[in-house]
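Okay, everyone, thanks for coming. Let me put the structure up, and then I'll walk you through the sheet, the helices and the salt bridges.

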Amino acid sequence: MPLEIIAEQYPKPIKLPSGFHCELRPLEVADEIAFHDFFLAVPMQERMFVKHRVSQPEVLHEWCQNCELARNLPLLTCRYGQIVGDATLHQQLGGWKRHIGRVSVLVHPQYRGRGLAKALVSEMIDIARHFGLEKVEAEFIGEQETAIKMFGMLGFTTLARLPDYVKDMQAIPHDYVLMGLDLKTDEEYAGMG
């Protein structure tokens with residue numbers, strides 16, 4: 001799916017089974033302050049597990065000003081002008097992992113438990129299929145049990161669990177969990193047998 005088609009599809013409304021309404025759209029240059037506010041609303045103990053120092057405005061400035069949507073496609077969920085969720089599809093445009101996307105997701109603490117993370121990840125899986133990716137993966141630390149369970153409900157399986165393999169921003173070691181999902185569709189299996 002070319003990026004032009006992505007641009008044509010968004011913004012689009014989302015209505016969750018819980019009755020929650022929001023809008024889904026790609027990250028824009030003008031989102032810098034609202035994106036920073038979104039990350040600051042995430043508790044410090046959770047922010048320590050984000051790979052980048054998202055509490056630093058210059059990090060988000062770089063993301064918003066130089067967003068390469070072909071490599072990193074961030075989709076935001078917004079409600080009344082506030083960013084309430086973020087999911088990103090990360091891709092290698094060449095090399096030995098060019099057929100694999102990586103999905104990350106984060107939801108504002110006040111909007112959790114409504115199915116928003118599940119809806120965001122499902123959207124990213126659909127986009128990954130349209131981009132022609134064959135697999136998607138997601139990375140976690142062992143303590144992210146709720147997220148691991150939710151990804152499992154979407155069909156992801158644990159590919160690896162390495163004890164004390166990664167360190168958070170405070171240099172404390174944690175288990176590393178890699179989950180993956182094969183994107184082969186039922187149509188690809190039709191007629192095989």
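Before I name any partners, one definition: two strands count as paired if DSSP finds at least two bridges between them. And keep in mind that this is a predicted model.

So, with that in hand, start at S1. S1 and strand S2, residues 21–26, pair in the antiparallel sense, over four bridges. To give you one of the contacts, Lys 12 has Leu 24 in S2 as its bridge partner.

Now zoom out to the whole sheet. Eight strands make up an open sheet with mixed pairing, and the order is S1-S2-S3-S4-S5-S6-S8-S7. Which strands stand at the edges? Those are S1, 12–15, and S7, 157–167; each has a single partner strand, so one side of each is left without a neighbour in the sheet. From one strand to the next, the twist averages 25°.

Next, what packs on it. Helix H5, residues 116–130, lies across S1, S2, S3, S4, S5, S6 and S8, and runs at about 35° to S4. Helix H6, residues 145–153, packs on the sheet too, touching S5, S6 and S8, and its direction makes about 160° with that of S6.

Let me stay with H5 for a moment. Does the length come out as expected or not? H5 has 15 residues, which at 1.5 Å a residue should span 21 Å, and the end C-alpha atoms are 21 Å apart, so that agrees. The buried residues of H5 are Leu 116, Ala 119, Leu 120, Val 121, Glu 123, Met 124, Ile 125, Ile 127 and Ala 128. Yes, there's a Glu in that list, Glu 123. After H5 comes Gly 132, with a positive phi near 85°.

Two of those H5 residues turn up again if you look at Thr 77. Thr 77 sits in strand S3. Is it buried or exposed? Buried, at 0% relative accessibility. Leaving out residues up to four places away in sequence, Thr 77 touches Ile 14, Cys 22, Glu 23, Leu 24, Gln 82, Ile 83, Val 84, Gly 85, Leu 116 and Leu 120. Leu 24 is on that list, and you'll remember Leu 24 as the bridge partner of Lys 12.

Okay, salt bridges. How many are there? The count is six. I'll go through some of them.

Lys 97 and Glu 137 form one, with the closest N and O atoms 3.0 Å apart. Lys 97 is in the loop between S4 and S5, and Glu 137 is in strand S6, so this pair ties together parts that are 40 residues apart in sequence. Lys 97 is partly exposed at 27% relative accessibility, while Glu 137 is buried at 10%.

Then there's Glu 139 with Arg 102, at 3.8 Å, N to O. Here too the pair links distant parts of the chain, with Glu 139 in S6 and Arg 102 in S5, 37 residues apart. Glu 139 is partly exposed at 27%, and Arg 102 is partly exposed at 22%.

There's also a small group to point out: Arg 25, Glu 28 and Asp 31 are joined into one network by salt bridges that share partners. Within that network, the Arg 25 to Glu 28 bridge has its closest N and O atoms 3.8 Å apart. Arg 25 is buried, with a relative accessible area of 12%, whereas Glu 28 is partly exposed at 40%.

That's my tour. Over to you.

Notes
Residues are numbered from 1 along each chain as its sequence is written. This is a predicted model: local features need pLDDT of at least 70, side-chain atom pairs count only at pLDDT 80 or more; totals for chains, interfaces and linings use all residues. Side-chain values use heavy atoms; hydrogens and water are left out. A salt bridge is a side-chain nitrogen of Lys or Arg within 4 Å of a carboxyl oxygen of Asp or Glu. Buried means under 20% relative accessible area, exposed over 50%, partly exposed in between (1.4 Å probe, protein chains only). Helices (H or I, at least four residues) and strands (E, at least two) are DSSP runs, numbered from the N terminus. Axes are lines fitted to C-alpha atoms, for helices over the stretch in contact, and angles run from 0 to 180 degrees between N-to-C directions. Contact means heavy atoms within 4.5 Å. The expected span of a helix is 1.5 Å times one less than its number of residues.
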